[in-house]
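Visitor: I have a structure open and would like to talk through it. Could we go over the ligand site, the charged pairs and a few individual residues?
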Amino acid sequence: MSTLFEPDSPAIDGFVPLCVPEIRGNEWEYIKECLDTGWVSSVGSFVDRFERELAAYVGTKHAIATVNGTAALHIALLVAGVQPDDEVLVSTLTFIAPVNAIRYAGAWPVFIDAEPTYWQIDTKQVVDFLNNDCDWRNGELRNQATGRRVRAILPVHILGHPCDMDPIIEVAHRYNLVVIEDATESLGAKYKGRSVGHLGDIACFSFNGNKLITTGGGGMIVTDDEHMARHAKYLTTQAKDDPLEFVHGAVGYNYRLTNIQAAMGVAQLEKLDEYIDIKRRIAKTYMEALCDIPGTTPMREAESASSVFWMFTLLIDEAQFGMDSRALLRYLDANKIQTRPLWQPTHLSPAHRWMCATDCTVAERLNRDAISLPCSIGLTQTDQRRVIELLSDLQRSHTWT
Ligand SMILES: *Cc1c(COP(=O)(O)O)cnc(C)c1O
């Protein structure tokens with residue numbers, strides 16, 4: 001049976017999955033406590049504890065648990081003051097969720113290309129667009145092409161590596177824009193010694209099954225801003241105004257995380273640092289091995305960054321490697337090794353046909369050439385060696401013929 005395009009699934013006889021959850025801490029004990037006490041639903045001590053402990057880990061004053069990372073992004077945009085018809089600058093090379101969230105808020109994405117070295121949002125293009133393609137008048141920034149107000153920048157720290165945040169924060173201050181970090185792929189990563197999620201005004205995490213730590217499904221909003229935090233808690237819990245009467249002061253959402261999920265989150269968070277060490281070790285092993293395989297360019301880590309290597313991704317040069325990224329993907333699939341391409345850049349998505357604010361050719365090239373290799377926390381050294389040997393043998397066999 002072909003594993004291609006099947007959902008991430010646990011390891012079964014010889015199959016090496018891309019990235020599956022690791023569950024070997026206090027999950028059973030904490031979830032059992034929920035079941036034993038009857039605290040299974042949308043409030044409970046584990047929800048409070050998960051929020052408190054995640055905020056402490058990231059270093060923010062507040063954290064608000066949500067049903068998933070996409071919901072967290074939706075609410076973060078609303079409490080950051082993004083209004084219908086505003087524009088939000090966003091990485092084009094990302095999983096689609098943040099772009100959808102911008103549309104949920106009635107706002108419009110302005111797509112920014114990736115930079116070619118670390119593949120994160122190209123900050124030079126962010127700054128150039130704001131300086132040259134927008135007008136600053138009466139304390140508001142407007143896109144010259146559309147006349148719409150530009151309200152926020154939403155950098156996505158992709159694949160476990162932080163974006164270069166200083167230029168983004170500086171230009172955001174200059175034009176009174178909010179910075180919303182999509183940190184869903186990069187919990188635990190650092191930029192100049194500071195935690196991802198504590199760099200902009202507000203940030204979001206995800207605990208989906210393929211992320212570094214998981215609650216099955218879940219998310220978190222973090223911020224130092226008390227007003228935004230309160231508003232986020234209010235909107236995610238149906239905007240209830242009275243402790244007794246059913247009076248709702250706004251159109252709220254049921255975006256809560258359950259106590260059972262939060263219990264799992266608390267247990268997973270206890271393991272996070274250990275898991276990051278393992279992810280970094282897996283990445284180091286791949287990087288060292290790929291040095292000897294022509295036509296492969298592994299992802300890199302910036303001097304100023306500490307990456308958590310959520311995914312391990314490399315670029316394939318067809319001429320040197322002897323095969324393009326998609327052919328390699330199919331070959332590995334036939335050998336029971338699950339890999340994935342990078343996302344279609346969102347400016348090309350049929351769901352988001354919209355102006356491309358900048359030239360997005362780097363993201364298009366990365367999408368064409370990239371492939372992500374198995375990198376589960378539970379990946380055995382034997383399985384990793386098998387992946388590396390297949391790559392190495394394949395490259396050699398092609399250059400010999
Ligand atoms: C995983 C992810 C999200 C949120 O995902 P959920 O499945 O809704 O928790 C958002 N943005 C990016 C870049 C992601 O990778």
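Guide: The exchange below takes up these topics in turn, and the model under discussion is a predicted one.

Visitor: Let us begin with the ligand. Which residues come nearest to the ligand?
Guide: The shell around the ligand holds 16 residues, and those that come nearest are Gly-69, Thr-70, Glu-185, Ser-206 and Lys-211.

Visitor: What is the distance from Gly-69 to an oxygen atom of the ligand?
Guide: A polar backbone atom of Gly-69 lies 2.7 Å from a ligand oxygen. With Thr-70 the contact is made by a polar atom of the side chain, at 2.5 Å from an oxygen of the ligand. Glu-185 also uses its side chain, with an N or O atom placed 2.5 Å from a ligand oxygen.

Visitor: How much of the ligand's accessible area does the protein cover?
Guide: On its own the ligand has 390 Å² of accessible area, and the protein covers 92% of that. The space that the ligand takes is the largest pocket.

Visitor: Which helices each supply at least two residues of that shell?
Guide: These are helix 3, residues 69-79, and helix 4, residues 97-104. Helix 3 gives the largest share of the shell, with three residues.

Visitor: Back to Glu-185. Where does it lie, and is it buried or exposed?
Guide: Glu-185 is found in the loop between strand 7 and strand 8. Its relative accessibility is 5%, and Glu-185 therefore counts as buried.

Visitor: How far is Glu-185 from Thr-296?
Guide: Their C-alpha atoms are separated by 23 Å, and the two residues are 111 apart along the chain.

Visitor: Now the charges. How many salt bridges does the structure hold?
Guide: There are 21 salt bridges in the structure. One of them joins Asp-166 to Lys-192, with 2.7 Å between the closest N and O atoms.

Visitor: Which parts does the pair of Asp-166 and Lys-192 tie together?
Guide: Asp-166 belongs to helix 6 (residues 165-174), whereas Lys-192 sits in the loop between strand 8 (190-191) and strand 9 (194-195), so the salt bridge ties together parts that are 26 residues apart in sequence. Asp-166 is partly exposed at 29% relative accessibility, and Lys-192 is partly exposed at 45%.

Visitor: What about the pair Glu-226 and Arg-230? How are they placed?
Guide: Both residues lie in helix 7, which spans residues 226-236, and they are four residues apart, about one turn of the helix. They form a salt bridge whose closest N and O atoms are 2.5 Å apart. Glu-226 has a relative accessible area of 43% and is partly exposed, while Arg-230, at 59%, counts as exposed.

Visitor: And Asp-393 with Arg-396: what is the N to O distance there?
Guide: The side chains of Asp-393 and Arg-396 meet in a salt bridge at 3.4 Å. The two are about one helical turn apart because they are separated by three residues in helix 12 (residues 381-400). Asp-393 is partly exposed at 43% relative accessibility, and Arg-396 is partly exposed with a relative accessible area of 42%.

Visitor: Which residues are linked in a network of salt bridges?
Guide: Glu-22, Arg-24, Lys-271 and Glu-274 are linked in such a network.

Visitor: A change of topic: backbone angles. What is phi of Asn-138?
Guide: Phi of Asn-138 is near 50 degrees, a positive value in a residue other than glycine. Most residues other than glycine have a negative phi. Asn-138 lies in the loop between strand 4 (134-137) and strand 5 (140-143), and it is exposed, with a relative accessible area of 79%.

Visitor: And Asn-176: what is its phi, and where is it found?
Guide: Asn-176 has a positive phi too, near 60 degrees. Asn-176 is in the loop between helix 6 and strand 7 (178-182).

Visitor: One last asparagine. Is Asn-259 buried or exposed?
Guide: Asn-259 is buried, with a relative accessible area of 1%. It lies in helix 8, residues 259-290.

Visitor: How far apart are Asn-259 and Cys-34, in sequence and in space?
Guide: In sequence Asn-259 and Cys-34 are 225 residues apart, and in space their C-alpha atoms are 7.0 Å apart.

How values were computed. Residues are numbered from 1 along each chain as its sequence is written. This is a predicted model: local features need pLDDT of at least 70, side-chain atom pairs count only at pLDDT 80 or more; totals for chains, interfaces and linings use all residues. Side-chain values use heavy atoms; hydrogens and water are left out. A salt bridge is a side-chain nitrogen of Lys or Arg within 4 Å of a carboxyl oxygen of Asp or Glu. Buried means under 20% relative accessible area, exposed over 50%, partly exposed in between (1.4 Å probe, protein chains only). A residue is near a molecule or strand if one of its heavy atoms lies within 4 Å of it. A polar contact is a pair of N or O atoms within 3.5 Å; within protein, one must be able to donate a hydrogen and the other to accept it, and residues adjacent in sequence count only if both atoms are side-chain atoms. Accessible areas come from the Shrake-Rupley method with a 1.4 Å probe; for residues, only the protein chains shown count as cover. On a 1 Å grid over the protein atoms alone, a cavity is a set of points where a 1.4 Å probe fits but cannot get out, and a pocket is an open set with protein on both sides within 12 Å along at least five of seven lines; lining residues have an atom within 4 Å of a point. A molecule sits in a cavity or pocket if more than half of its atoms lie within 2 Å of its grid points.
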